[in-house]
Amino acid sequence: MRPFSRTTSARRARTAAAALVALALAAGLGTQATASPSGPPTVQQWEVTGLDSATERTALTRTGTAIDEVRPDSVVITAGDADVRRLRSLGYELSALPGTSAADVRPTAPSDYHTYAATLAEINAVRAQYPSLVTTRVIGRSYQGRDIVAVKVSANAATDEAEPEVLFTHNQHAREHLTVEMALRTLNVLTSGYGSNARITQLLNSREVWIIPSANPDGKVYDQESGSFRSWRKNRQPTPGSSLIGTDLNRNWNYRWGCCGGSSSSPGSETYRGPSAESGTETRVVADFVRGRRVGGVQQITAHIDFHTYGELVLWPYGYTYNRTGPGLTADDAAAFEALGEEMAGSNGYTPQQSSDLYITDGSINDWLWGDQGIFSYTFEMYPRGASGGGFYPPGNVIARETARNDAAVLLLLEYADCVYRITGQEDTYC
Ligand code: 0X9
Ligand code: CA
Ligand code: ZN
């Protein structure tokens with residue numbers, strides 16, 4: 001086993017930047033805290049009007065709100081009654097989006113989206129069909145004890161070969177079920193294409209692909225399996241010293257964690273960052289897996305996509321700053337991120353941008369994978385573009401089309417994984 005050799009991450013300065021002081025946060029907002037005397041809480045989507053810049057959107061996130069969708073002059077959020085009252089008292093103007101309450105949100109038969117158990121069954125079936133191409137590894141367990149699985153796809157999958165590795169992560173956010181379908185799509189495309197499609201054959205002969213179909217199985221089960229969807233985002237881990245449940249896994253990664261007003265310190269918030277970086281059981285499991293792909297001091301994984309919904313976006317780091325460059329992210333790095341991001345977006349029709357163009361996030365997986373591990377790490381926000389397409393719960397009849405839509409981008413990432421800087425003609429400098 002020889003490490004796939006690469007010098008860029010070693011070359012990149014590891015600046016221990018001083019953490020910025022997080023701005024004061026308003027009391028936590030959360031869908032779990034909205035019990036009302038008149039019955040069960042109503043959780044639905046709302047349009048918050050009069051916001052047209054990233055700084056204004058970031059100011060809204062500092063109230064602990066997660067933004068579902070960015071529009072030219074407004075945003076869409078998911079909120080319960082108490083959240084709505086609180087935001088109105090802060091001066092925000094909200095109007096309800098019809099047809100988006102949890103009760104309305106069943107356009108789709110439960111069987112349209114794989115349950116977690118069905119996801120594991122499908123993986124095992126594919127592995128049985130293609131034993132030389134697929135291996136699976138339980139990389140750890142969720143807070144509630146469910147297996148977190150990494151699926152490896154490569155020629156001679158059982159052998160750790162000296163090939164660039166590519167990682168796909170899915171379902172950090174519980175309700176983003178389409179992302180799990182994306183994982184199964186990629187698994188099926190790669191395995192069925194080997195030996196019949198020359199390009200896929202070549203890629204699987206020269207790359208090792210890791211797919212983590214669900215980084216948040218507890219949240220997925222909680223959201224999906226009670227009879228109606230619950231619009232749940234976080235994991236299901238109680239916060240010590242609180243009765244509140246759930247950490248936003250995509251604010252819990254250990255790179256400038258909590259630095260910059262891009263996450264909440266309130267356990268009830270939808271963007272609660274947890275009591276410490278990697279406090280989320282599932283964050284820690286995936287981070288340990290990534291650290292374990294360092295062989296002989298060289299990180300084998302070179303490129304990554306974290307799949308989310310929704311918005312039809314291709315996003316890249318850093319999320320914690322509006323700046324295009326930052327510690328460990330040079331102008332050359334940014335140019336490569338942009339070029340590959342734009343090429344992938346050209347293939348699927350998504351909008352490419354730096355993630356902070358939307359709003360500031362800190363503790364995201366992209367920032368950690370790039371800033372700490374030197375991995376070219378993107379976020380894809382899948383279908384739909386807006387709430388009218390079904391938001392987090394599009395009808396099941398779009399699954400095939402909207403996962404196949406990303407086939408070309410997945411293959412592009414695999415192709416460039418030996419040297420992402422090739423896309424800007426800088427392979428001689430960096431690879
Ligand atoms: O806020 C998030 O975590 C993601 N959006 S979502 O609606 N799926 O919750 C966007 C994350 C993008 N930020 C970085 N990649 N840093
Ligand atoms: Ca191989
Ligand atoms: Zn998400």
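Biologist: Where does the largest pocket lie relative to domain 1 (10–104) and domain 2 (116–430)?

Modeller: This is a predicted model. To place a pocket, look at which parts of the chain line it. Here domain 1 (10–104) and domain 2 (116–430) both give residues to the lining of the largest pocket, so the pocket lies between them.

Biologist: How many residues line the largest pocket, and which lie nearest its centre?

Modeller: The lining has 32 residues, and L313, L315, L358, Y359 and E381 are the ones nearest the centre. Two or more lining residues come from each of β2 (67–70), β11, β12 (313–316), β13 (351–354) and β14 (376–382). The most come from β2, which gives four. As for volume, the space in the largest pocket is about 480 Å³.

Biologist: How many nonpolar, polar and charged residues are in that lining?

Modeller: Sorted by class, ten are nonpolar, twelve polar and ten charged.

Biologist: Turning to the metals, which residues coordinate the zinc ion (ligand 3)?

Modeller: With a metal site, begin with the donor atoms and then find them along the chain. The zinc ion (ligand 3) is coordinated by ND1 of H173, by E176 through OE, listed twice, and by ND1 of H308, at 2.0 to 2.3 Å. The spacing of these donor residues in sequence is H-x2-E-x131-H. E176 sits in the loop between β7 (165–170) and α5 (178–193), while H308 is in strand β11 (residues 301–309); the pair is 132 residues apart and links distant parts of the chain.

Biologist: Are E176 and H308 buried or exposed?

Modeller: The test is relative accessible area, and buried means under 20%. E176 has 2% relative accessibility, so E176 counts as buried. H308 is buried too, because its relative accessible area is 2%.

Biologist: What are the protein donors of the calcium ion (ligand 2)?

Modeller: They are S154 (OG), A155 (O), E161 (OE) and E163 (OE), at 2.0 to 2.5 Å from the ion. Along the chain the spacing reads S-A-x5-E-x1-E. Among these donors, A155 and E163 are both buried.

Biologist: Last, a single side chain. Which backbone oxygens does the side chain of Q354 reach?

Modeller: For one residue, take its element, its burial and then its contacts. Q354 is in strand β13. Its relative accessible area is 7%, so Q354 is buried. The side chain of Q354 reaches the backbone oxygen of N323 at 2.8 Å and that of T321 at 3.4 Å.

Notes. Residues are numbered from 1 along each chain as its sequence is written. Chains are lettered from A and ligands numbered from 1 in the order in which they are written. This is a predicted model: local features need pLDDT of at least 70, side-chain atom pairs count only at pLDDT 80 or more; totals for chains, interfaces and linings use all residues. Side-chain values use heavy atoms; hydrogens and water are left out. Donors are N, O and S atoms within 2.8 Å of the metal (3.2 Å for Na, K and Ca); water is not among the atoms, so sites may look incomplete. Buried means under 20% relative accessible area, exposed over 50%, partly exposed in between (1.4 Å probe, protein chains only). On a 1 Å grid over the protein atoms alone, a cavity is a set of points where a 1.4 Å probe fits but cannot get out, and a pocket is an open set with protein on both sides within 12 Å along at least five of seven lines; lining residues have an atom within 4 Å of a point. Grid points are joined across faces, edges and corners, and a volume is the space filled by probe spheres set on the points. Ala, Val, Leu, Ile, Met, Phe, Trp, Tyr, Cys and Pro count as nonpolar, Asp, Glu, Lys and Arg as charged, and the others, Gly among them, as polar. Domain bounds come from an automatic or database domain assignment. A polar contact is a pair of N or O atoms within 3.5 Å; within protein, one must be able to donate a hydrogen and the other to accept it, and residues adjacent in sequence count only if both atoms are side-chain atoms.
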